[in-house]
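Hi,

Here is the structure I said I would pass on. Have a look at it first, and then read my notes underneath.

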There are 2 protein chains.
Amino acid sequence: MTTTVDHDAQQVIVEEYTSIFRDYPAGVAVVTADPGDGPVALVASSLSSLSAAPPYLAFSISDATTAAPAVGRARTVVLHIFGADRIDLVRHLARSGSDRFSDTERWTRLPTGEPLFLGARGWLRGEVERRVRAGTATLNVVRVLETGRRAGDSAHRPLVYHDRTWHELGAHSHVDA
Amino acid sequence: MTTTVDHDAQQVIVEEYTSIFRDYPAGVAVVTADPGDGPVALVASSLSSLSAAPPYLAFSISDATTAAPAVGRARTVVLHIFGADRIDLVRHLARSGSDRFSDTERWTRLPTGEPLFLGARGWLRGEVERRVRAGTATLNVVRVLETGRRAGDSAHRPLVYHDRTWHELGAHSHVDA
């Protein structure tokens, strides 16, 4: 009986965990890599800044993600941050089963070989220094080696993911003091 | 001369890194802990979900944060997610030098001892299983042991942090297809 009770309690935690994170908004980043056998891309809502000097960031990938094994083998990755002006590209890359690299006008390769999608507000190339397993995901700790920003940029419209919908920040979403 | 050039290149990366992450929006969470010598609280924009079953999450703390040493010694932590209806509390907790626990009506303790601020949309209590150093920050990998949600809740107004301002998501921020 104890086992049953514990199992039920565990199930409640999993359900509450899921519903709490469904309520939690996050920035989005496009992750690309090529471990040597072809480019992969995915959309992650787990990017966060760790340290500016020296520059480190973190992101995680669920085992359920198609690109997880390839990213797990890659020495380097690129993280792209797109604004709402590129929502069509982000949606396309996020869609399961998308042929993410079929439109060759949308991406190129960095001199170091990694795939780079064009039009990002900013991008960061780095080396995965640590991979930490946690449950059914891998957390990647990345030392940033190179960065890029779009030149002569107009006003940024930051993109946010929340409960399977996309949102755009601006004066309309600002909370006054 | 090479050293100078490398140093300059490194400086450019740090500056671009900072400006790229200034453009990057994030959810916010209030982290509390008590390693045995008193409660601490901080507002983090680095919370992310790792795995639902088993439930794991991650968050990081900069060495510059006053509460960093106490959180680093704590075996367990609580992560709170507040909506825009509690922006006053979140602002207060985020403010440097705030006496975060002076208003005893705003918080209590869980039976396990951790400080819990009231009114969160959801909270997660967990054990720090791994601490990973990266640059000037510590990344915490937390196994979730207990969760709570506000009962009979009205519509959620998710809170987002971006470029030192607070935003609220809703129909007004939704990006149409």
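Below is what turned up, starting with how the chains are arranged and ending with one helix.

Keep in mind that this is a predicted model. Chain A lands on chain B after a rotation of 180 degrees, with 0.0 Å of shift along the axis and an RMSD of 0.0 Å. The two copies are therefore related as by a two-fold rotation axis. If you want a landmark for that axis, go to A:Ala26: of the residues of chain A, A:Ala26 comes closest, with its C-alpha at 2.5 Å. Both copies use the same surface, as 100% of the contact residues of chain A recur in chain B.

Now for the contact itself: 56 residues of chain A touch 56 residues of chain B. On the chain A side, the elements giving two or more residues include strand E1 (26-27), strand E5 (55-62), strand E9 (122-134) and strand E10 (137-149). Helix H1(A) gives the largest share, eight residues. By type, this side of chain A splits into 30 nonpolar, 19 polar and seven charged residues.

One more thing to look at is helix H3 (residues 87-94) of chain A. Which of its residues are buried? They are A:Leu89, A:Val90 and A:Leu93. These cover an arc of only 95 degrees around the helix axis, so they sit on the same side of H3(A). Among the elements that cover them are strands E2 (29-33), E3 (40-44), E8 (115-117) and E11 (159-162) of chain A.

Cheers

Methods: Residues are numbered from 1 along each chain as its sequence is written. Chains are lettered from A and ligands numbered from 1 in the order in which they are written. This is a predicted model: local features need pLDDT of at least 70, side-chain atom pairs count only at pLDDT 80 or more; totals for chains, interfaces and linings use all residues. Copies are superposed by least squares on the C-alpha atoms of residues with pLDDT of at least 70 in both. Two residues are in contact if their C-beta atoms, placed from the backbone, lie within 7 Å. A residue is buried if 20 or more other C-beta atoms lie within 10 Å of its own, exposed if 12 or fewer, and partly exposed in between; C-beta atoms are placed from the backbone. Helices (H or I, at least four residues) and strands (E, at least two) are DSSP runs, numbered from the N terminus. The arc is that of the directions from the helix axis to the C-beta atoms. Ala, Val, Leu, Ile, Met, Phe, Trp, Tyr, Cys and Pro count as nonpolar, Asp, Glu, Lys and Arg as charged, and the others, Gly among them, as polar.
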